[in-house]
Protein chains: 2
Amino acid sequence: MPAPTPAPSATSAGPVRRRAGRPTAAILDQDGITTAALELISSKGYDGLTMAALARSLGVAPSALYNHVASKDDVLLLVEDHLAAMVDVTAFGVEPWDAAVRRWAWSYRDVFSEHTPLIPVIAVLPVANAPKTLAMYEAVTAGFRDAGFPEEKIISAIVALEAFVFGAAYDVTAPDDIFDAGSLADRVPNFTAAVDRLALERHARPTDVAFSLGLEALITGFGALRG
Amino acid sequence: MPAPTPAPSATSAGPVRRRAGRPTAAILDQDGITTAALELISSKGYDGLTMAALARSLGVAPSALYNHVASKDDVLLLVEDHLAAMVDVTAFGVEPWDAAVRRWAWSYRDVFSEHTPLIPVIAVLPVANAPKTLAMYEAVTAGFRDAGFPEEKIISAIVALEAFVFGAAYDVTAPDDIFDAGSLADRVPNFTAAVDRLALERHARPTDVAFSLGLEALITGFGALRG
DNA sequence: CCAGTAAATGAATGGCGTTCATTTATATCC
DNA sequence: GGATATAAATGAACGCCATTCATTTACTGG
């Protein structure tokens, strides 16, 4: 009898109720799969994360994974939810609103800049199946509300900040010379001059300068919305 | 004798010089490949854009494509560069700076929200091989410079705006109920209340409200940097 | 007319995610 | 305590993918 396909979920809502006999000690579970996937990603990168490699690192046949996970995208969702729990939301309710947003956004960007292949998945998948991600949103929402944000604007502000964070996460992964115009440089003099001028500044990583610039503008702009 | 692999490029720098005899009328070229790819994307989506399908739509064997393109990523770069030319930069130098940025950013987001699978490619690939993309950057850079922007901040500001645009492009594609917490709703009361409150507003698409909110904050914040 | 060469072919390769009939091992019910 | 129900594991497929390469085709400059 074929095993039923599990519903897509980053964390199952506790153990499934048991009707009749079943093995006590299953080799696989979602936590183990998540851990193995994270180890594989950190050692071989996302190109190395294949269902076959994941199964091999767990000492199991690839098809066995499908008893615990509906698809490879479901594995990515498990990983995403694990990472969401690593985003720093502890400043909300402790530090002032602007400092809390700053800490959250920097940490959010740093976590996902190492995991940009997840972004297309996150952006499209409902949060209902990602409890830790949901917990992050809850903390941030409460922080905005307690800071006097009008309730109807909170989600929009978070969505805008998140969009900026995801885009900035990609930017971190870009090669240093991405803006080198090469042989076309003389066709784009203003752009080339601006790129060269920025290169003279030796303060911080360009990607961090850009992130700071945008984030501070967003914090200032959104801060004015508070009642 | 095997044909040489073409260098990755969104548009070759004119026809390759001819040493000896060669056919005058090649069936394929980069323009034709780009056009066929765009048609395929618009009819079948990015899942339907395979090298085999692309070749079939051009009446050619898949391997023939590799005489004109180095890889599938190279095809995506061709498509990206075509789309970059559709982004509206005409307001720079004509309308005031803030209005020009507004037009550019909205148009940039709208174009790429239909082509989010390109974003991971764009974010990593050097602009040297994408002349139309480079032309867009040139127009925007000149607009910032003429508006009195300090030269060392121009690229950072553009990068920040672009990050926001790319993230927002993903947001456009998200399902309407992406923030439905489902059975976990009572665990995240603040978040659920804010989501419900936003749903009461019936003015515009939520994704457009969030984009406008973020973009106006960025424009205001960056506008203050002008000399 | 011959030599040179870009462009097209078609077969082959290796990898991928996923499916499914089957087997294994156990916990509960009678 | 034996029969039963069932979740979990297996291993062999499947279809699709991007890409490679030896070979053929068709043209043109010398």
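The expected span of a helix is 1.5 Å times one less than its number of residues. With that in hand, welcome to this predicted model, in which 59 residues of chain B are in contact with 59 residues of chain A. Helix H7 is a good place to start: in chain A it covers residues 151-173, and in chain B it gives the largest share of the side that touches chain A.

**Helix H7**
- H7(A) has 23 residues and reaches 35 Å from its first C-alpha to its last, which is close to the 33 Å expected.
- Most of H7(A) is covered, with 18 of its 23 residues buried.

**How the copies are related**
- A turn of 180° and a shift of 0.0 Å along the axis lay chain B on chain A with an RMSD of 0.0 Å.
- The two copies are thus related as by a two-fold rotation axis.
- Phe164(B) comes closest to that axis of the residues of chain B, with its C-alpha at 2.1 Å.

**Where the chains meet**
- The copies meet through the same surface, because 100% of the interface residues of chain B are also interface residues in chain A.
- About 5000 Å² is buried between chain B and chain A, and carbon and sulfur atoms give 75% of this area.

**Polar links and contributing helices**
- Across the interface there are 2 salt bridges, and one of them joins the side chains of Glu152(B) and Arg197(A) at 3.8 Å, N to O.
- There are also 9 residue pairs in polar contact across the interface.
- On the side of chain B that touches chain A, the elements that give two or more residues are H5, H6, H7, H8 and H9 of chain B.
- H7(B) supplies 16 residues to that side, the largest share.

Notes:
Residues are numbered from 1 along each chain as its sequence is written. Chains are lettered from A and ligands numbered from 1 in the order in which they are written. This is a predicted model: local features need pLDDT of at least 70, side-chain atom pairs count only at pLDDT 80 or more; totals for chains, interfaces and linings use all residues. Side-chain values use heavy atoms; hydrogens and water are left out. Copies are superposed by least squares on the C-alpha atoms of residues with pLDDT of at least 70 in both. Contact means heavy atoms within 4.5 Å. Helices (H or I, at least four residues) and strands (E, at least two) are DSSP runs, numbered from the N terminus. Buried means under 20% relative accessible area, exposed over 50%, partly exposed in between (1.4 Å probe, protein chains only). Buried area is the accessible area (1.4 Å probe) that two parts lose on being put together, summed over both. A salt bridge is a side-chain nitrogen of Lys or Arg within 4 Å of a carboxyl oxygen of Asp or Glu. A polar contact is a pair of N or O atoms within 3.5 Å; within protein, one must be able to donate a hydrogen and the other to accept it, and residues adjacent in sequence count only if both atoms are side-chain atoms.
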